[in-house]
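Thanks for sharing this one. Here are some notes to read with the structure open beside you, starting at the ligand and working outwards to the pockets.

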Amino acid sequence: MKLLGELRREIGASLERAGKFPGEAALLLQAVTGIDSLGQLLAPDTPLLPGQSRKLTRLLRLRLSGEPLQWLLGETEFFGLRLQVCRGVLIPRPETEQLVDWALRSWQPGWSRVADVGTGSGAVALALAAQHPEVALWASDLNPRALRLARRNARRLGLQISFKLGDLLVSIPKGLDLIVANLPYLPLGAPLPEEVRREPAAALFGGSDGLALIRPLIVQARTWLRPGGALMIELDPSGVAPLLQELAGSAALEMRRDLNGTPRFLKIRFVEDRF
Ligand SMILES: C[S@@+](CC[C@H](N)C(=O)[O-])C[C@H]1O[C@@H](n2cnc3c(N)ncnc32)[C@H](O)[C@@H]1O
């Protein structure tokens, strides 16, 4: 019978040999025993039950084969919220926390109607709802599985969002103050790490230039937004320059970089007086 401390060392070493972060060992052990990292260090001589050992072996095998850690744990953290995740729905990313942060900093007094387009697990909508529970929030996705997960996350967190199955904004009422979107934006054929390739292609790729969904969203947003409202999107750096050029003169534009210094986010406010 193996003990916690011994297993933690062994699993950490296996993960490291496979090029993964050895600290994940504590998370896998916590997933099967319910004992957190500190508890494991304080009680290294705790034996695992046979069922726990079997589950641990299965999780480690999957992890070493490239399964994302969040799927194995069944959850992840996003903007301070604990969200459930599942296969077939994109795992929320740290970059998108920056988009939420920028949206919150851009918030105007009186904004009361907000939408998250391509909500996936519900991450963006839930983070906004947690900070602004007073506003009406809608969130759309084309993937029913994503909407089921997002609804579950909202229920668990006690947050109110109106989730809609539909293409971009079509299922959401007009008259919005803010639209935030992290839609699929990778250009088709973009090289991806093995783990990311396991995530659904429909959540990753946005046509040959990565803008296949973003361009129609911009067109819709012009009629869905109230005067003074904003569309805030996350996109591939290759899409930034073309959009800046296409929208110049008809919208006020701001760009932000992600933590790696890569152009990643755009804020678009449509101006009434076109040139
Ligand atoms: C990159 S994932 C982002 C998920 C979530 N916003 C996040 O940041 O974790 C994009 C999501 O957009 C959804 N999607 C793709 N095409 C869509 C469309 N035409 N209308 C609405 N949602 C769409 C996908 O199903 C996927 O859940």
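1. Let's begin with the ligand's neighbours. In this predicted model, the ligand is surrounded by 18 residues, and the closest of them are Gly118, Asp141, Asp167, Asn182 and Ala203. Sorted by class, this shell holds 9 nonpolar, 7 polar and 2 charged residues.

2. Now for the polar contacts. Two of the closest residues appear here with their side chains: an N or O atom in the side chain of Asp167 is 2.6 Å from a nitrogen atom of the ligand, and a polar side-chain atom of Asn182 is 2.8 Å from a ligand oxygen atom. Leu142 takes part through its backbone, where a polar atom lies 3.5 Å from a nitrogen atom of the ligand.

3. How much of the ligand does the protein bury? On its own the ligand would expose 600 Å², and 95% of that is buried by the protein.

4. Which pocket holds the ligand? It sits in the largest one, a pocket with about 810 Å³ of space. A total of 43 residues line this pocket, and those nearest its centre are Leu90, Asn182, Leu183, Pro184 and Ala203. You will recognise two of these names from point 1, since Asn182 and Ala203 are also listed among the residues closest to the ligand.

5. If you would like to trace the wall of the largest pocket along the chain, four elements are good places to look. Helix H6 (94–106) and helix H7 (123–131) each supply at least two lining residues, and so do strand E3 (113–117) and strand E4 (136–141). By class, the lining of the largest pocket consists of 25 nonpolar, 10 polar and 8 charged residues.

6. Please also take a look at the second largest pocket, which has about 370 Å³ of space. It is lined by 15 residues, with Leu27, Leu69, Leu73, Glu75 and Arg82 closest to its centre. Helix H2 (24–33), helix H5 (69–73) and strand E1 (75–78) are the elements that give two or more residues to this lining.

7. Which element gives the most to the lining of the second largest pocket? That is H2, with 4 residues. As for chemical character, the lining of the second largest pocket has 6 nonpolar, 3 polar and 6 charged residues. Glu75 and Arg82, both named in point 6, are among the residues closest to the centre of this pocket.

How values were computed. Residues numbered from 1 in each chain as written. Predicted model: local features only at pLDDT ≥ 70, side-chain atom pairs only at ≥ 80, totals over all residues. Heavy atoms only, no water. Near = heavy atom within 4 Å. Polar contact = N/O pair within 3.5 Å; in protein donor to acceptor, adjacent residues only side chain to side chain. Areas by Shrake-Rupley, 256 points an atom, 1.4 Å probe, with all protein chains shown as cover. 1 Å grid on protein atoms, 1.4 Å probe; cavity = no way out; pocket = protein on both sides within 12 Å on 5 of 7 lines; lining within 4 Å. Sits in = over half its atoms within 2 Å of the grid points. Nonpolar A, V, L, I, M, F, W, Y, C, P; charged D, E, K, R; others polar. Points joined across faces, edges and corners; volume = space filled by probe spheres on them.
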